[in-house]
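Reader: I have a protein model open in front of me, and I would like to learn how to read its features one at a time. Could you show me the structure and then take me through it?

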Amino acid sequence: AGALTAFGAPTTRVENLCEAAGKGMLLRFDVAAFPSWFLARTSRSLQDQAGTPTVASAVAEDAVSLHKVGSGLDGSRLEACETLAKEAAGGRLTPTEADRRLVAIVDEKALYPLWVQQLSFGVCGGACALLFYGGSFADMALATVGGFFTGFMCWLAGKYDMGQSLEFICAFMIALLNRALVTYVWQSELCFFGATLGALVWLFPGLSITNSVIEVAGQSPISGTARMFHALMIALSMGFGLALGSRAGNLGSRLTTWGCKSHDADPWYIQAPAFLGVFFSFAVLLNTSKRQMPAAMTVQLISYLTATYSPAVFGNDAATVVSAAAVGLSANFIEYVTKRPGYSNVVGGILFLVPGSMGVRGAAAIVDSDYVSGTQFGVGMLLTALSITIGLALAHAMTAPLRAAVVRKTFRWFMRPAVHLSHIARMHSNHHAAHPAAAPDTKTA
């Protein structure tokens, strides 16, 4: 339960997997999971049909314990933990074997070295400034430098406890530098909005909003509400840092404008490299393994395309619902076909939709006494989160009957020609093996 929570699984998934694993290992195990802690109750083992206690009774005594854990997202280790829990639920593991494999998963090192992670922070900042915030190439370069600073501060926060000041410090320093450059050096040639938010994109509460939305959709409102409130506090902290940094960089003037001009849609040969930069940087920072990348890229590409082009068909209000439903459907279908856990794919796809920057901009506007704009940004963030919740709920409701009937039949129908061809080829090879004289003469041919 602690490993699943620490690696990013939502509370409902943690509780279901742990209870199923306990039953598979003939243990009575109850868990109540929350965003940063969980309560576990382990009882004596179940008995077999003959009524005699199993060997699991040696490791399970009546106990109730409270554990505090961190939270984040580690795609590779989360998949390994979910696979381990499902194997234990199927009765294929003893408690000793499960504990040994779980310790090995927890002690596993990151897939990517530190220099690759720091490089990904810069690539993520520059690509997001170009893809999501309408920035120019100059804004992309400035956001890349700011992304390197964000990565350095995240590394520093991992070595030394900085409390809740990481987001504020990064927002203040990057806003101070960018506002000074926009005001006194390049002036109107830079977009303060794109360069600043692109550099800070990894610190936005997008992951907290994503998990809160998924937990609310999974009928866990307490944990979802707690995560949403935590996301709002992060947004307020970063908005306060943006407003103060902008004033300091502009010698006390208020943040009356973000300094951005309207940009037309970039052509595909600019959007495609920017999308790849965002995807690979997300993959490194989320510790996604190479085996997970094809599925993750498919889901994120569907998310980006539907979010970009669906407003022209369904309107802005329904576009987010359609995009979230597309993410849920594609991730669930891939999970069914590949037989591997697909929650990390859902998170990666929803990260393209969550409005983390809207909350930060709203908080900055409120600090700058622009209450109308701040309220609009805040309400827009909540409405978008609600739309994502509805879309994921629709996808879950649609995939339940599909997994049981239509998908299986459709998949078998598409695979029927391949099965027939492989059967014919096998019969042909068996015939030549039994009658070698009937084989054609290769020299004559």
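Author: What follows goes from the whole chain to some of its helices and then to single residues. This is a predicted model, in which local features need pLDDT of at least 70 and side-chain atom pairs count only at pLDDT 80 or more, while totals for chains, interfaces and linings use all residues. Residues are numbered from 1 along each chain as its sequence is written, and side-chain values use heavy atoms, with hydrogens and water left out.

Reader: How many helices and strands are there in the protein chain?

Author: Helices (H or I, at least four residues) and strands (E, at least two) are read as DSSP runs and numbered from the N terminus. In this protein chain there are 17 helices and three strands.

Reader: What percentage of the residues in the protein chain is buried, and what supplies the area that the chain exposes?

Author: Buried means under 20% relative accessible area, exposed means over 50%, and partly exposed lies in between, with a 1.4 Å probe and protein chains only. Of the 445 residues in the protein chain, 45% are buried. Accessible areas come from the Shrake-Rupley method with a 1.4 Å probe, and for residues only the protein chains shown count as cover. The protein chain exposes about 22,800 Å², and carbon and sulfur atoms supply 65% of that area.

Reader: What share of the contacts in the protein chain joins residues 24 or more positions apart?

Author: Contact means heavy atoms within 4.5 Å. Among the contacts in the protein chain with a separation of 6 or more, 71% are between residues 24 or more positions apart.

Reader: Why does the span of α12 agree with its 17 residues?

Author: The expected span of a helix is 1.5 Å times one less than its number of residues. The 17 residues of α12 should therefore span 24 Å, and the end C-alpha atoms of α12 are indeed 24 Å apart. The buried residues of this helix include Met293, Tyr304 and Thr306, and what covers its buried residues includes α5, α11, α13, α14 and α15.

Reader: At what angle do α12 and α15 pack, and is their crossing left-handed or right-handed?

Author: Axes are lines fitted to C-alpha atoms, for helices over the stretch in contact, and angles run from 0 to 180 degrees between N-to-C directions. Helix α12 (residues 293-309) and helix α15 (residues 343-350) pack at about 35°, with their axes 8 Å apart. A crossing is left-handed if the near helix is turned anticlockwise from the far one by less than a right angle, and right-handed if clockwise; the crossing of α12 and α15 is right-handed. On the α12 side the contact is made by Ala295, Ala296, Val299, Gln300 and Ser303, and on the α15 side by Asn345, Gly348 and Gly349. Ala, Val, Leu, Ile, Met, Phe, Trp, Tyr, Cys and Pro count as nonpolar, Asp, Glu, Lys and Arg as charged, and the others, Gly among them, as polar. By these classes the contact of α12 with α15 has three nonpolar, five polar and no charged residues.

Reader: Is Asn345 buried or exposed, and which residues does Asn345 touch?

Author: Asn345 counts as buried because its relative accessibility is 8%. Not counting residues up to four places away in sequence, Asn345 touches Gln292, Ala295, Ala296, Val299 and Ala331.

Reader: At what angle do α5 and α11 pack?

Author: Helices α5 and α11 pack at an angle of about 145°, with their axes 8 Å apart, and α5 passes α11 in a left-handed crossing. The residues that make this contact include Phe121 and Leu131 of α5 and Phe275 and Leu285 of α11. By class, the contact has 15 nonpolar, five polar and no charged residues.

Reader: Why is α3 largely enclosed by the rest of the structure?

Author: Helix α3 is largely enclosed because 11 of its 15 residues are buried. What covers the buried residues of α3 includes α1, α2, α4 and α15. Glu82 lies in α3 and counts as buried because its relative accessibility is 1%. Leaving aside neighbours within four places in sequence, Glu82 is in contact with Leu4, Arg13, Leu17, Pro341 and Tyr343. Ala88 is also placed in α3, and its C-alpha atom is separated by 9.8 Å from that of Leu26, 62 residues apart along the chain. After α3 comes Gly91, whose phi is positive, near 80°.
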